[in-house]
Amino acid sequence: MQDYMYDPAYRHLLKAKEIAQKENVIPELQTEINRSIELFQQKINYCDDQTIPPSPALHSLITDTLAYPWSDAYKEGRVSYSVDTAMLSGNSEAQLIKSITSASKARMVLEIGLFTGCASLAMAEALPAEGKVVALELDQGIADVARSFLDKSPAGNKIEIITGPAIESLEKLAEKKTKFDVIFMDANKEGYVPYYKMIFEKDLLASGGTLIVDNVLKNGDTYSGEHSDSKSWAITNFNELVLQDNRVHKVMLPLRDGVYIIRRKEDTDASVPEKKGDLNYIK
Ligand SMILES: C[S@@+](CC[C@H](N)C(=O)[O-])C[C@H]1O[C@@H](n2cnc3c(N)ncnc32)[C@H](O)[C@@H]1O
């Protein structure tokens with residue numbers, strides 16, 4: 001899916017174009033609509049062109065993911081649901097996450113929702129040799145495909161995949177007192193609130209760490225108020241929780257389907273004293 005398709009304004013413009021053609025409206029109006037559509041596309045393409053391209057390994061992983069016979073895998077029962085490759089995070093987001101990982105001088109990184117490993121590989125490429133990505137994936141078949149792709153990548157050996165429901169994996173990681181410098185949350189949207197609470201209640205995010213959350217605009221449903229399904233409501237509720245959480249610094253970027261960057265205020269604001277252990281902010 002092209003990134004501009006996430007924007008409901010773009011989708012409305014496509015409809016307007018169709019109506020304008022059908023109703024034969026004045027050419028000046030049709031020209032304006034067409035130019036607006038073009039500008040949406042040009043903006044995204046320009047940003048993509050101005051972004052560093054993927055490494056050869058990441059490029060192969062992306063093309064292998066798109067070319068993989070997912071419908072056969074589903075028919076043959078190798079994956080548990082019908083996979084849509086639009087789940088792939090893609091290069092611009094992978095490079096943002098890589099940039100944050102390298103700027104954090106991260107050593108331990110967590111991805112909640114691996115799919116074929118696009119974001120995990122980008123983060124692994126930014127880690128030192130002894131660094132590690134722990135990647136959580138529900139579906140064993142998808143995890144197997146990801147492993148086969150990652151094994152072809154020079155940085156793939158830094159990625160450990162844990163299969164099973166993310167909430168259970170997070171619980172086990174917390175029991176072992178594992179802490180992560182960067183966490184990328186991109187699994188089932190209904191899980192965002194419980195994952196967030198667990199990350200902060202169980203201290204999975206290391207001091208100075210950054211939590212990055214994907215799909216926080218949910219195709220525009222969050223700000224248009226036109227919630228299409230329970231996933232959209234889950235994201236809206238999650239966003240509200242983060243907004244009301246006075247202990248965190250947050251910035252939402254309209255990149256792709258929306259990305260939230262969340263850090264503890266004590267790590268971003270010199271005037272905020274450390275208040276570790278105070279969990280009253282979570283509703
Ligand atoms: C949007 S995709 C992740 C895309 C990936 N982050 C990337 O960079 O391309 C979401 C993934 O989360 C997995 N998933 C869904 N529910 C899950 C759960 N409860 N626990 C762990 N993984 C889950 C899905 O199988 C899917 O592979």
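I started with the classes: Ala, Val, Leu, Ile, Met, Phe, Trp, Tyr, Cys and Pro count as nonpolar, Asp, Glu, Lys and Arg as charged, and the others, Gly among them, as polar. With that, I sorted the shell around the ligand: 14 nonpolar, four polar and three charged residues. I note that this is a predicted model.

**Entry: the neighbours**

I asked which residues are closest to the ligand. I found Tyr81, Ser89, Glu111, Glu137 and Asp186, out of 21 residues that surround the ligand.

**Entry: polar contacts**

I looked up the nitrogen atoms of the ligand next. I took each distance to an N or O atom in a side chain.

- For Glu111, I read 2.5 Å from a ligand nitrogen to such a side-chain atom.
- For Asn188, I read 3.3 Å, again from a ligand nitrogen to an N or O of the side chain.
- For Tyr195, the side-chain N or O lies 3.5 Å from a nitrogen of the ligand.

Then I checked how much of the ligand is covered. On its own, the ligand has 600 Å² of accessible area, and the protein covers 92% of that.

**Entry: the pocket**

I asked which pocket the ligand takes up. The ligand fills space that is the largest pocket.

**Entry: the whole chain**

I stepped back to the fold. I counted twelve helices and seven strands in the protein chain. I then compared the radius of gyration, 20 Å, with the globule rule, which gives 19 Å for 283 residues; the two are close, so the protein chain is as compact as a globular protein of that length. Last, I noted the span of the C-alpha trace along its principal axes: about 65 × 50 × 35 Å.

Methods. Residues numbered from 1 in each chain as written. Predicted model: local features only at pLDDT ≥ 70, side-chain atom pairs only at ≥ 80, totals over all residues. Heavy atoms only, no water. Near = heavy atom within 4 Å. Polar contact = N/O pair within 3.5 Å; in protein donor to acceptor, adjacent residues only side chain to side chain. Areas by Shrake-Rupley, 256 points an atom, 1.4 Å probe, with all protein chains shown as cover. 1 Å grid on protein atoms, 1.4 Å probe; cavity = no way out; pocket = protein on both sides within 12 Å on 5 of 7 lines; lining within 4 Å. Sits in = over half its atoms within 2 Å of the grid points. Helix = DSSP H or I, 4+ residues; strand = E, 2+ residues; numbered from the N terminus. Rg over C-alpha atoms; globule rule 2.2 N^0.38 Å.
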